[in-house]
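User: I would like to go through this model with you, one question at a time. Please give the reasoning before each value or name.

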Amino acid sequence: MAARAGSLVAAVLAHSGRLDKEHLGARVGRLSRRVEELKGEVCTMINKKYSEFLPSMQSAEELVAQVEGLASNIDLLKAGIENEVQRDLDVAVAEFTELKQQLERDTLVLSVLKKLQEFDTSVKECGSALLERQYVTAAQQLEKARSSLRSLESRRGFELKILKALGTELTVQTQNMIYHLGEEWQKLIVWKLPPSKGSSSLEAVVLSELHLHTVLPQDEDAAVPPVAAVLQALAVLGELHSKLKDFGHLLLQYILKPLILHPSLQPVPEEQPDVFVLRFRSQELALDESSPMEVFDKIKLVFEVLHKYLLSVPLEQPGEGRKEGRVTLAELLGELIWEELSDCLIHNCLVNSIPTNSSKLEQYKEVIESTEEFEKALKRMQFLKEDTTALLKYACNVDSHFANKKCQDVIMAARNLMTSEIHNTVKITPDSSVTLPALPDPGSGDHLKMHRPSSLLHHGTVNLGSESRLSPFTLCLPTCRISSSVQQLVELAYHTLLEATASTDLCCVQLFDCVRNIFQLFYEVVPTYHRENLQKLPQLAAIHHNNCMYIAHHLLTLGHQFRYRSTSVLSNGAATFVDLVPGFRRLGMECFLAQMRVQKGEILERLSSARNFSNMDDEENYCAANKAIKQVLHQLRRLGMVWQDVLPVNVYCKAMGALLNTALAEIVTRIAALEDISAEDADRLYSLCRIMVEEGPQVFTPLLEEDKNKKYQEEVPVYVHKWMTFKELMIILQANLQEIVDQWADGKGPLAEEFSAAEVKSLIRALFQNTERRAAALAKIK
C-alpha cells in the first residue's frame with residue numbers, strides 16, 4: 001500500500017508542474033489525508049487476517065503430530081506381521097498345497113482302481129457270457145473293457161505296467177470271441193465251391209452251392225444262439241463289415257455276375273427244414289444274350305431268398321447317423337456290392353439291350369419299366385436306398401446311349417473297312433448306282449416344296465425346267481475302279497444319315513457328327529496304315545486316288561440329300577460335308593503324284609545308264625543305250641497294265657503321257673548336248689529313237705478292249721508334249737544341211753517350233769564337219 005501511495009504521490013508531483021501553484025497545496029493536503037486513510041485500512045485488514053490464520057495453523061500442527069503417531073504405530077504393526085503372521089501363513093499354504101496334491105493323487109488312484117475294477121468285471125462277464133454262448137452280451141462287455149482300458153491309457157503322467165498286460169488280455173479275449181463268432185458264421189453260411197477257385201466260368205458256377213442255415217444244428221449241452229445274436233455280436237466288435245465284404249465278393253463272383261454273364265444259367269432254390277440251398281443249372285438257349293427282364297428276374301429271385309433267410313436281420317448300429325441306430329443286413333450288403341453289381345448290369349446287360357436301330361426304340365420302354373420294377377423290389381428289401389436310381393437313369397437315357405452305341409458301332413465298322421485290303425476293287429461307271437438306302441419322301445409343306453431335292457439318284461436326270469434336260473452322266477464320276485471297302489464305307493455313311501433322320505434332335509446331331517468323324521478318320525488312318533504299300537505299289541496308289549475322288553464326289557451332295565429330311569437342327573444348312581471335299585481331293589492327288597515322282601525317278605535312273613548316248617559306234621555304248629530304252633519301255637508297259645481299267649481314262653492318259661514325256665525329254669536333252677555325232681552315231685541314235693516312236697504309243701492301253709485303245713494311241717501328241725520335238729530330232733539325225741534349213745524355214749518351220757536356234761546350231765555342229773556349206777547353213781539359222 002505504501003508503494004502504491006508513493007507512486008500516486010509521484011504521479012501527482014509529476015503532474016503538479018502543470019497545475020497552478022495555488023491549487024498545489026490543497027491537493028497535496030487531500031492526498032496526504034487519503035494516504036493516511038489507506039494506511040489505516042491496510043493495517044486493519046492485516047490484523048483481521050492474522051487473527052483468522054493463527055487458529056488454523058495451530059490445528060494443522062496438532063494433526064501433523066497425530067499423523068506422525070499413527071505412522072509410528074503402523075510401522076510397529078507391519079514389523080509384527082512380517083515377523084510372526086507371514087511365517088504362520090506360509091506354513092498354512094504349504095500344508096494346504098500338500099493336502100490338495102494328496103487329494104488329487106487319491107482321486108486319480110480311486111478312478112484308476114474303479115476303471116480296473118470295471119475292466120476286470122467286464123472281462124469276467126464276457127467270459128461267462130461266452131461260455132453260455134450269449135455273444136451279444138459278451139461282445140458288449142468286451143467293448144466296455146476296451147473303453148475302460150482306453151480311458152486308463154489316455155491318462156498322461158500316470159502309467160501302469162499292468163496296462164500292457166491288460167491290453168494283451170483284452171486282445172486274447174477279443175480274438176477268442178472273434179474265433180467263436182467265425183465258427184458260428186461258417187456254420188451259418190456255407191459255400192461249396194468248385195476245385196478251381198477264382199474261376200467264374202459256366203462249368204465252375206454250375207458246381208457252386210450256397211447253404212444258409214437259418215437255424216443252426218442244436219448241440220446236446222448248450223442252446224443254439226439265434227442268427228441275429230451272431231450278426232449283432234459281429235457288428236459290435238466291428239467284424240461284420242469284413243465278413244459281409246467277403247460274403248459279397250463270393251456272392252458277386254459265383255452267383256450274381258455269372259447270372260448276368262451266362263444267359264443259360266438258372267438259379268435253383270431248395271428249402272429244407274433247417275437249411276436253404278441255392279444251386280444252379282445250365283440249360284440250352286437259342287440266344288447268346290438274355291434280355292434285361294430275364295436277368296432282373298434271376299437276380300431278384302436270389303435277393304428274395306437271401307432276404308428271407310439272412311438279410312432281413314435288424315442290427316443295432318449306433319453312432320453312424322442312421323435313423324434310430326438300426327439297420328438291416330441287406331442295407332449293409334447293398335452298400336458293399338451295389339456299385340460293382342450295377343456296373344456289371346449296365347455294361348453286360350443293359351448295354352447289349354440298347355437298340356441298334358431307331359425303329360426299335362419304342363420297344364425299349366419294356367426294359368425301362370422292368371428296370372424300374374427291379375429297383376423298387378430291391379428297395380422294398382432295403383437292399384437299396386430310396387435315392388438310388390443308377391440303373392433307371394441309365395435305362396431312361398436310352399436316346400443318348402443309342403446314339404453312343406450306334407456311333408461306336410459305325411466307327412468300328414468304318415475302321416475295319418479302312419484297314420482292309422485296298423486291292424479288292426469294284427468298277428464304277430457313270431451309269432452305275434451305289435446301293436443306297438431308299439431316302440424317304442421329304443413330305444408336304446411350302447418350305448419343302450420350295451426346296452425339293454433333286455431326284456438324281458432315282459431317275460438318272462436332273463430337271464432344269466419344262467424343256468431342258470442335262471445328260472444323265474452330267475457330273476458323274478468317270479469309269480474307274482475303287483476299293484470295295486470304300487464303297488461300303490460310303491454306303492455306311494448313307495445308312496447312318498438315314499438313321500439320323502428318324503432320330504431325336506440330339507441323336508440326329510450325334511449321328512451326323514459321327515459320319516463326319518468317319519471321313520476325318522479315313523483322312524488320317526488310311527494314308528498312315530497303308531503308307532508302305534501306297535509308296536511301293538503303283539496300282540494301290542491309283543486305287544487310293546480313285547477312292548479319295550469317289551468320296552469327295554459323294555461329299556459334294558451328301559449333306560444336301562438329307563438336308564430337308566433331317567430335324568430342324570440340321571435343316572438350317574449346317575448338315576454339309578462340302579468343306580471336306582478339297583482335303584480328300586488333295587489327299588488323292590498327293591498320293592498319286594508321289595507315285596508319279598517315284599516312277600519318273602526310276603525312268604531317269606534307267607536312262608542314266610545309257611552313257612549319255614555318246615559314241616554309239618562303240619558296240620558296248622550302243623548296247624547300254626538300247627538296254628536303257630527297252631527298260632524304260634518295259635516300265636511304261638508294266639505301269640500301263642497295272643493302271644489299266646483302274647484309273648479314269650483321262651487320268652490314265654495324262655499320267656502315262658507325263659511319264660513318256662519325261663523319257664523323251666531326257667533323251668532329247670542328252671542327244672542335243674552331244675558335241676560330236678558321227679554318221680554311224682546318227683544312224684544308231686535314229687534307230688533308238690525309232691524304237692521309242694514305234695513302241696511308245698503302245699503303252700497307252702487304258703481299256704481292256706484292245707480295239708478301243710487305238711484311239712488313245714493315236715492321240716499320243718496330245719498327252720506327250722515332247723512328242724513332236726522328239727520326231728523333229730529324228731528328222732535332224734537323218735537330214736542333210738539343206739533339209740535342216742528347209743525345216744527351219746527362217747524360224748517359221750516346224751523345226752523352229754520345237755528347238756531354239758542355239759540348239760539347232762549345236763546339233764548341226766555336232767553332225768556336220770566344218771565346211772563352207774555348214775557355215776552357210778548356220779548363217780541361215782537365226
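User: How far apart are the closest N and O atoms in the salt bridge that K308 forms with E271?

Analyst: This is a predicted model, in which local features need pLDDT of at least 70 and side-chain atom pairs count only at pLDDT 80 or more, while totals for chains, interfaces and linings use all residues. Residues are numbered from 1 along each chain as its sequence is written, and side-chain values use heavy atoms, with hydrogens and water left out. A salt bridge is defined here as a side-chain nitrogen of Lys or Arg within 4 Å of a carboxyl oxygen of Asp or Glu. For K308 and E271, the closest N and O atoms are apart by 4.0 Å.

User: Which elements hold the two residues, and are K308 and E271 buried or exposed?

Analyst: The pair links distant parts of the chain, 37 residues apart, with K308 in helix α8 and E271 in strand β3. Helices (H or I, at least four residues) and strands (E, at least two) are DSSP runs, numbered from the N terminus. On the scale used, buried means under 20% relative accessible area, exposed over 50% and partly exposed in between, with a 1.4 Å probe and protein chains only. On that scale, K308 and E271 are both exposed.

User: What is the strand order of the open sheet of four strands?

Analyst: Two strands pair if DSSP finds at least two bridges between them. The pairing in this open sheet is antiparallel. β1 (189-192) and β3 (265-271) each have a single partner strand, so they stand at the edges with one side left without a neighbour in the sheet. From one strand to the next the twist averages 20°, and the order is β1-β2-β4-β3.

User: Which residue in β4 is the bridge partner of E271?

Analyst: β3 pairs with strand β4 (residues 276-282) in the antiparallel sense, over seven bridges. Within β4, the bridge partner of E271 is F276.

User: What angle does the direction of helix α8 make with that of β3?

Analyst: Axes are lines fitted to C-alpha atoms, for helices over the stretch in contact, and angles run from 0 to 180 degrees between N-to-C directions; contact means heavy atoms within 4.5 Å. Helix α7 (residues 240-261) packs on the sheet, touching β1, β2 (209-212), β3 and β4, and its direction makes about 50° with that of β1. Helix α8 (residues 292-311) also packs on the sheet and touches β1, β2, β3 and β4. The direction of helix α8 makes with that of β3 an angle of about 25°.

User: Which residue meets K257 in a salt bridge?

Analyst: K257 lies in helix α7 and its partner in helix α9 (residues 329-353), so the pair ties together parts that are 83 residues apart in sequence. K257 counts as partly exposed because its relative accessibility is 24%, and the partner, with a relative accessible area of 39%, is partly exposed. The side chains meet at 2.6 Å, N to O, and the partner is E340.

User: Where does K385 lie, the residue with which E335 forms a salt bridge?

Analyst: The closest N and O atoms of E335 and K385 are 3.9 Å apart. E335 is partly exposed at a relative accessible area of 41%, and K385 counts as partly exposed at 44% relative accessibility. The pair links distant parts of the chain, 50 residues apart, with E335 in helix α9 and K385 in the loop between α10 (365-380) and α11 (390-396).

User: How many salt bridges does the count come to?

Analyst: Among the residues involved in salt bridges, E209, E270 and R279 are linked in a network. By the rule given above, the count comes to 19.

User: What is the accessible area of the nonpolar patch on the surface?

Analyst: Patches are made of residues with over 30% relative accessible area and no salt bridge, with like charges joined within 9 Å and nonpolar side chains (Val, Leu, Ile, Met, Phe, Trp, Tyr) within 5 Å. Accessible areas come from the Shrake-Rupley method with a 1.4 Å probe, and for residues only the protein chains shown count as cover. M57, found in helix α2 (residues 21-131), counts as partly exposed at 32% relative accessibility. Y50, F53, L54 and M57 form the patch, and their accessible area together is about 400 Å².
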